Amino acid sequence: MFKYLRHRRHFILFAIVFSAFLSLPILSRLVIDTIFRPLVNEQNASLYNNFPKIISDLETITAHPVFPMPGYKNNAQFVLLKYIPMDGIEDTHIKNPRYDSLFRLTEEYYNWRTDDQVFQKMLNDKELLAVDTTWVQKLRDYDHWNYSSHKEILSSLSPIRDVSGITRLEIFSQLPQPTFNQLRSWAMLNFIKMQKAGHGLEALKTYRHIAYLLHSAGNFVASTTAFSMLRDEYVLLGRFPVKGWEPVPIYYLDAYARVTWAWVAILKMPYFSEFPPAFFPYLKPQNGLCAGAREAVSNFTLYRDFFEPQTYFEANFTYNIAYTKKIYIKVKTECNLNIYNKFLDRSPASLDMFSSFTLDESIFKRAKNTEYDFSLVDNWIYLPYIRRLVGFVYFSPGSPMNFIMPYETRKKKFAGLNEIFF
């Protein structure tokens with residue numbers, strides 16, 4: 001018997017492999033329908049439970065906008081490029097000794113809000129106060145900040161058309177971005193200098209406009225920085241005698257911060273279900289949409305790679321893809337994100353899984369990425385039936401970051417000014 005099997009082992013192995021291949025479509029559908037779809041439904045249930053809170057916040061900031069609608073006519077990038085360094089571009093970092101003292105605002109005077117001695121030391125720092133901030137006041141002539149027009153970002157995005165979805169995400173994650181906190185320091189220093197010269201009210205107008213420019217950048221870090229700047233207005237009014245200025249109520253600021261995070265989860269809902277109709281009227285930049293939209297659009301390229309190709313007995317997501325893309329086209333237009341258009345298209349990997357992606361390999365080598373080198377040998381993830389499983393593994397368990405956590409740990413309504421300090 002064993003001798004017979006030994007002679008027939010190749011045929012037996014072939015039979016096993018062939019049987020496994022035939023059963024793959026059925027196995028794939030079973031895993032998707034019995035494991036992954038319930039996981040997605042569970043995630044959506046958590047999101048649905050928070051819809052009333054999210055809608056309430058959106059109604060609040062629609063009635064009381066924290067920031068106005070961007071005009072997208074005059075881009076501040078060409079001015080800010082001279083003063084704000086870009087992380088990830090070593091040879092273009094601004095190395096001007098005249099600005100070195102500016103870093104003391106975040107490194108040495110970071111607790112100026114609560115420490116009187118540090119606050120007084122900051123106000124008497126002659127070297128810091130000698131830094132010229134006249135250019136900061138000119139930022140009020142600009143109605144938005146699109147830092148993605150930077151030539152290094154455009155260069156990084158140029159291979160997008162020819163690389164795989166995995167590499168597209170890698171490129172996106174490594175895109176240079178401004179040191180947003182340095183712009184916050186410039187705004188703070190300009191306020192101190194102008195207030196000392198008796199122009200505190202004008203200084204606060206410039207300060208808030210800079211927060212608005214950060215909001216218009218469509219970036220999570222920038223939006224968080226803008227939110228923090230507006231909260232600091234309360235501290236500035238408590239420490240400096242400026243009359244005639246009304247800070248944005250904390251309750252509105254918190255609503256803006258919460259919905260900015262929630263948009264990421266909401267915008268990914270049509271991947272596997274419907275986009276909630278109640279949110280369509282709120283797809284506007286002033287509602288905190290754009291930071292989350294930038295994140296969601298970048299992931300759509302990989303989603304299409306795994307869920308658009310269609311063969312026999314494979315789970316069909318044709319409607320979800322067309323529906324989601326239609327929403328994303330509207331969103332990127334609203335948010336001035338057209339530079340990321342190619343992230344809405346399928347990559348060559350899902351169109352032809354047997355093609356060689358030399359660009360992919362060169363990008364990873366250039367980035368010295370040793371953790372994951374996506375190339376032709378990994379294209380098995382685009383095989384029929386397997387691609388659906390891989391896609392669900394990537395998308396259905398949810399992000400390590402819980403984008404609706406602010407609603408699950410929501411504070412009581414703002415009770416007064418003392419809440420900021422105690």
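At 11% relative accessibility, Tyr385 counts as buried. This residue sits in the loop that joins helix H18 (358-366) to helix H19 (386-395), and its phi is near 75 degrees, a positive value in a residue other than glycine. The values given here come from a predicted model. A second residue with a backbone of this kind is Asn336, whose phi is near 60 degrees, again positive in a residue other than glycine. Asn336 belongs to the loop between helix H16 (318-334) and helix H17 (348-351). Its relative accessibility is 23%, so Asn336 counts as partly exposed, the cut-off for buried being under 20%.

Turning to the chain as a whole, the model contains 20 helices and two strands. Of its 422 residues, 51% count as buried. Among contacts with a separation of 6 or more, 80% join residues that are 24 or more positions apart.

In soluble globular proteins, nonpolar side chains tend to be buried together. Here, the largest nonpolar core has 119 residues, and Ile54, Leu139, Trp263 and Leu267 have the most contacts inside it. Helix H14 supplies the largest share of this core, with eleven residues. Leu267 gives a good view of the surroundings: beyond residues up to four places away in sequence, it touches Phe275, Leu283, Leu289, Gly292, Ala293, Ala296, Ile327, Tyr328 and Val331.

Two further core residues, Ile54 and Trp263, take part in the packing of helix H3 against H14. Helix H3 (residues 51-63) and H14 have axes 9 Å apart and pack at an angle of about 125 degrees. H3 is therefore oblique to H14, and the crossing of the two helices is left-handed. On the H3 side, the contact is made by Ile54, Asp57, Leu58, Thr60 and Ile61, which meet Tyr251, Tyr252, Ala255, Tyr256, Arg258, Val259, Ala262, Trp263 and Ile266 of H14. By class, the residues of this contact are eleven nonpolar, one polar and two charged.

A second helix pair is formed by H11 (residues 180-196) and H12 (residues 200-216), whose axes come within 8 Å and cross at roughly 170 degrees. Because this angle is over 145 degrees, H11 counts as roughly antiparallel to H12. From H11, Phe180, Leu183, Ala187, Met188, Asn190, Phe191, Met194 and Gln195 contribute to the contact, and from H12 the partners are Gly200, Glu202, Ala203, Leu204, Thr206, Tyr207, Ile210 and Leu214. This contact comprises eleven nonpolar, four polar and one charged residues.

Thr206, one of the H12 residues in that contact, has a relative accessibility of 2% and counts as buried. Leaving aside residues up to four places away in sequence, Thr206 touches Val136, Gln137, Arg140 and Asn190. Asn190 is also among the residues that H11 brings to its contact with H12.

Finally, Pro247 is found in the loop between helix H13 (220-239) and helix H14 (250-267). With a relative accessible area of 15%, Pro247 is buried. Its C-alpha atom is separated by 6.2 Å from that of Glu233, although the two residues are 14 residues apart along the chain. Glu233 is also one of the residues that Pro247 touches, together with Arg208, Tyr234 and Leu237, when residues up to four places away in sequence are not counted.

How values were computed:
Residues are numbered from 1 along each chain as its sequence is written. This is a predicted model: local features need pLDDT of at least 70, side-chain atom pairs count only at pLDDT 80 or more; totals for chains, interfaces and linings use all residues. Side-chain values use heavy atoms; hydrogens and water are left out. Axes are lines fitted to C-alpha atoms, for helices over the stretch in contact, and angles run from 0 to 180 degrees between N-to-C directions. Helices (H or I, at least four residues) and strands (E, at least two) are DSSP runs, numbered from the N terminus. Angles under 35 degrees count as roughly parallel, over 145 as roughly antiparallel, 65 to 115 as roughly perpendicular and the rest as oblique. Contact means heavy atoms within 4.5 Å. Ala, Val, Leu, Ile, Met, Phe, Trp, Tyr, Cys and Pro count as nonpolar, Asp, Glu, Lys and Arg as charged, and the others, Gly among them, as polar. Buried means under 20% relative accessible area, exposed over 50%, partly exposed in between (1.4 Å probe, protein chains only). A nonpolar core is a set of buried Ala, Val, Leu, Ile, Met, Phe, Trp, Tyr and Cys residues joined through side-chain atoms within 4.5 Å. A crossing is left-handed if the near helix is turned anticlockwise from the far one by less than a right angle, and right-handed if clockwise.
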